[in-house]
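Open the model in your viewer and keep a selection box ready. The stops below say what to pick next and what is there.

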Amino acid sequence: MIMIYKKRCLSVLLLLIVAFSCTQPKEADKIRILFIGNSYTFYNSTPELLKKIIQEKFPEHVVETQLISDGGMTLADHWQTESTIEAIRTGEWDYVVLQEQSKLGMGVMIDNDMYFGSTDQFFEHSRKFNAEITKAGAKTVFFMTWSNKDQPKEQAILSHAYTTIAKELEAIVAPVGLVWDRVRTNPKIDLYADDGGHPSAMGSYLTAVTLYATLMSDNPLGLPGTIFGNRLSNIGERSLDRGLLIDLSNEEAQLIQEASWEVVQAMQKSSDYLDFEQPDPSYTIPELTKGETIELKKIIGKWYGTGTYGSDYLGQIMEVKDVDGKPEVSLSFYSPHVRDQMRVDNAIIKEDQLILTLHDSLRTRNANLRMSLMSGNMEGILESSGNVQMYKHLYFSKASVHNKIDLSAVALLMESFQSNIVKEGYATAAVKHYEQYSKLIGERYKPEEFYLNAVGYNFLRDEKVNDALNYFELSMIYYPQSVNTYENYAEALIVAGRKDEALAVYTKAYELAKKNGYENFTHMEENLNKLKNNISVDIEGGAVPPPPPPR
């Protein structure tokens, strides 16, 4: 009996221990997600949106995210960054989300049209990243992107590329582009930013919801459309201040959630990742028209023309000289604002072609230019390799007037402008220059505020503070009723260490913002108080344009 009693007591004790242990809080589930991408990921702080969505549905989960990004970056660019590889190896991630550049890292640009090129580079670096991710014990997730607003048929290229490499590597696909394609024609849903490529806040919400449905294998229906969190910078730095990230109506959120869940379920139930046929290329590489045999004496002198090298250029001027029986060539492109001079090397005449090597320091790009001569005119194709295989047409004649603008007069204006900058300072010289340019074209011209502010912030980013101040000062002259112009100039003054001047300008910006009902008024008020109390001010650089097309 004593033995039976002891056994019963032991059983009761074990039951009590089990019951007690079950009531103890378990260590919270943790999800760690690393994002590697570019502006398609950092716009509207997508990783933060996903984090908040998961926490809303699973409050017991601890969600940690990190974003490694910058504008226009490809997976090949990321692979060259040692810190990115180190982050994969040491982060103890559950998932690493890979987002390739919008044209799969190998776009083809012909004149002003962009096409998809080879997927070889995308596939190569996907394999390299996947090897490191698998070795680190994480899972590879491909963030399938979307096609541009005006190119809906190109989604087939993206869908084929992402599913093909994911199938090969047995990786996960977050079919953002497929969900995007399903709702892009819905008039109630506006997925694109103004440039027709980057995501609007709604587009980033769709991305986050699709990632949620993919990673959590959970129906997103009922998730909130209003989300607060910490904004992320273009390189993934998290702001200290918490604010509103997105605010959608219940109807908008539900439309996105339903579409996302339908596509994700179809993808996960399919044994072949949803099979997509490889589309045929939609472009033809341009070829140079065969011309006359070129003799150096026939092409000596100045040539004027237009082309597609840059959308802002009025035209270009090429000068050919005879130096010891060999061609020496100079080439400059002109916009209303600047002269961009290319460095020209290795100019040779080869039968019916003049062949040059160009070095564009502004865009850090090298190119080959092949030109032919026909009936006194020259035609050229400029070809450049990189993340984008680029082909641009250039046309030249001996006549200096093209599109009703005398390029020889523009060149003289630019010389005068540069001389006056030294004598009078940039802002004064610029105002005089644009007045003279207006007379030349027969109508009033002034530089756009967006252009001035963007160039100013690019200078600020490159630590050329005085140049930034020049452009912001000119912006204030031309746009005296714009809050942005004063705010930008004040921020540049802060960087320059001229805080008293910055306070005076920022006060003017604040008063103008208060009068006009400026949308970022609260943020400006906070910064003004910080300035008054000698506290460091956040320099946001809000006027910087979206990252440029791939290089």
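## The whole chain

Start with everything shown as cartoon. The secondary structure comes to 18 helices and 19 strands. This is a predicted model. Its C-alpha trace spans about 120 × 60 × 45 Å along the principal axes. Of the 551 residues in the chain, 50% are buried. Among contacts with a separation of 6 or more, 63% join residues 24 or more positions apart.

Now colour by confidence. Mean pLDDT is 89, and 92% of the residues reach 70 or more. Select residues 1–27: pLDDT stays under 50 there, and the model has 0 contacts beyond four places in sequence for this stretch. Then select residues 541–551. Here too pLDDT stays under 50, but the model gives this segment 30 contacts beyond four places in sequence.

## The nonpolar cores

Select Ile33, Leu50, Phe122, Phe142 and Tyr205. The largest nonpolar core has 76 residues, and these five touch the most other members. Add helix H9, residues 201–216, which gives the most to this core, with 9 residues.

Stay on Ile33 and show its surroundings. Beyond four places in sequence, Ile33 is in contact with Leu50, Ile54, Glu64, Thr65, Gln66, Trp93, Tyr95, Val97 and Leu215. Next, move to a second, separate core of 29 residues; Trp303, Met342, Leu373 and Val388 are included in it.

## Phe58 and its loop

Select Phe58. It sits in the loop between helix H3 (46–57) and strand S2 (62–69). Which residues does Phe58 contact, leaving aside neighbours within four places in sequence? They are Tyr212, Met216 and Asp218. Draw a C-alpha to C-alpha distance to Asp29: it comes to 9.4 Å, for a pair 29 residues apart in sequence.

## Two positive phi values in loops

Most residues other than glycine have a negative phi. The next two stops have positive values.

Go to Glu170, in the loop between helix H7 (155–169) and strand S7 (172–174). Glu170 is not a glycine, yet its phi is positive, about 55°. Buried or exposed? Glu170 counts as exposed because its relative accessibility is 71%, over the 50% cut-off.

Then select Asp324, in the loop between strand S11 (315–323) and strand S12 (326–334). Asp324 has a positive phi near 55° and is likewise a residue other than glycine. With 77% relative accessibility, Asp324 counts as exposed.

## Helices H12 and H13

Select Asn420 in helix H12, residues 407–424. Its relative accessible area is 11%, so Asn420 is buried; the limit is under 20%. Show its contacts: not counting residues up to four places away in sequence, Asn420 touches Gly425, Ala429 and Lys432.

Now take helix H13, residues 426–441. How far apart are the end C-alpha atoms of H13? They are 22 Å apart, which agrees with the span that 16 residues should have at 1.5 Å a residue. Show the buried residues of H13 as sticks: Tyr426, Ala427, Ala429, Ala430, His433, Tyr434, Tyr437 and Ser438. Their cover includes strand S19 (405–406), H12 and helix H15 (465–478). Step just past H13 to Gly442, where phi is positive at about 80°.

## The annotated repeat and helix H18

Select residues 483–516. An unreviewed UniProt entry places the feature "repeat: TPR" here. The chain is 91% helix and 0% strand over these residues, and the end C-alpha atoms lie 9 Å apart.

Move on to helix H18, residues 521–532. Its 12 residues reach 16 Å from first C-alpha to last, close to the 16 Å expected. Show the buried set of H18: His523, Met524, Asn527, Leu528 and Leu531. Why do they fall on the same side of H18? Because they cover an arc of only 135° around the axis. In an α-helix, residues three or four places apart point the same way, because there are 3.6 residues a turn.

Next, display helix H16 (483–495) and helix H17 (499–516), which are among what covers the buried residues of H18. Rotate to the other side of H18 to find Thr522 and Lys532, both exposed. End the tour at Asn534, which follows H18 and has a positive phi near 60°.

Notes: Residues are numbered from 1 along each chain as its sequence is written. This is a predicted model: local features need pLDDT of at least 70, side-chain atom pairs count only at pLDDT 80 or more; totals for chains, interfaces and linings use all residues. Side-chain values use heavy atoms; hydrogens and water are left out. Helices (H or I, at least four residues) and strands (E, at least two) are DSSP runs, numbered from the N terminus. The expected span of a helix is 1.5 Å times one less than its number of residues. Buried means under 20% relative accessible area, exposed over 50%, partly exposed in between (1.4 Å probe, protein chains only). The arc is that of the directions from the helix axis to the C-beta atoms. Contact means heavy atoms within 4.5 Å. pLDDT is the predictor's confidence in each residue, from 0 to 100. UniProt positions are given in the numbering used here, feature names are shortened, and annotations may be inferred rather than shown by experiment. A nonpolar core is a set of buried Ala, Val, Leu, Ile, Met, Phe, Trp, Tyr and Cys residues joined through side-chain atoms within 4.5 Å.
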